[in-house]
Amino acid sequence: MKGNHTCGGRRVLLCVALAMVVLLAVAAAGCGGDSGTTTDAGASSPSGDQPVFRLGTVGMGYDSLNPFVGVYAQDYAAWMLMYPNLVQYTSELKPEPDFAESWSTSEDGLTWTFKLKAGAVWTDGKPITASDAAFTINTVVKLQTGAAAALSPFVPGIESATAVDDTTLEVKLVAPSAALLANLFQLPILPEHFWS
């Protein structure tokens, strides 16, 4: 009996090892492009006017590339590559500029002012401005219990956002929040001209 158990255990290990090899082979085959497709990050689209960026995934794939409704972790990872964020974090977990070059807060902590990069553009060539950031924040605040609920954890305590000019965003809070930058780090800025 003991010999059969040991042999059976080896068979199980062998089956698991074979299954893993098959899964790795299938995953590797799925990661390759077809023979007629270029996989370079800077490859041109068929029309030749826009670069093509291909993003692979594992498992079940993406729930949705629509930030208002997607919920999978892979969705969030894709958005971080597709859309700008006001801030990012260093490897030491300190906030650093991204689309916002700098920021300041009022003495009472209720108003945050972000100075944004000039000259940034969406892939269609339209400028990325403070209006896009204000639109995104206000839409999520307005629809946080409905259509934009997936992004609602990133706007707690925000009353409103205003584009003072193309490169200045003002965010008003209901109460001071030490977590504002951490929350906005996770909120993708969406193009108003497309999503409105």
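This is a short tour of a predicted model, with a few selections to make in your viewer.

**First stop: the nonpolar core.** Start by selecting L86, F114, I137, I158, L169 and V171. In the largest nonpolar core, which has 33 residues, these touch the most other members. Now colour the elements that each supply at least two residues of this core: β4 (111-116), α3 (130-142), β5 (158-165), β6 (168-173) and α4 (180-185). Which of them gives the most? That is α3, with 6 residues.

**Second stop: I137.** Stay with the core and centre the view on I137, one of the residues that touch the most other members. What is I137 in contact with, once its neighbours within four places in sequence are left aside? Show I158, A161, L169, V171, L184 and L187, and you have the set.

**Third stop: a salt bridge.** Next, select K172 and E170 and display their side chains. The two meet in a salt bridge, at 3.7 Å from N to O. A search of the whole structure finds 1 salt bridge, so this pair is the one to look at. Are these two residues buried, exposed or in between? K172 is partly exposed, its relative accessible area being 32%, and E170 is also partly exposed, at 23% relative accessibility.

**Last stop: L93.** Finally, move to the loop between β1 (87-89) and β2 (95-97), where you will find L93. Check its backbone: phi of L93 is near 60°, a positive value in a residue other than glycine. Turn on the surface as well, and note that L93 is exposed, with 66% relative accessible area.

Conventions
Residues are numbered from 1 along each chain as its sequence is written. This is a predicted model: local features need pLDDT of at least 70, side-chain atom pairs count only at pLDDT 80 or more; totals for chains, interfaces and linings use all residues. Side-chain values use heavy atoms; hydrogens and water are left out. A salt bridge is a side-chain nitrogen of Lys or Arg within 4 Å of a carboxyl oxygen of Asp or Glu. Buried means under 20% relative accessible area, exposed over 50%, partly exposed in between (1.4 Å probe, protein chains only). Helices (H or I, at least four residues) and strands (E, at least two) are DSSP runs, numbered from the N terminus. A nonpolar core is a set of buried Ala, Val, Leu, Ile, Met, Phe, Trp, Tyr and Cys residues joined through side-chain atoms within 4.5 Å. Contact means heavy atoms within 4.5 Å.
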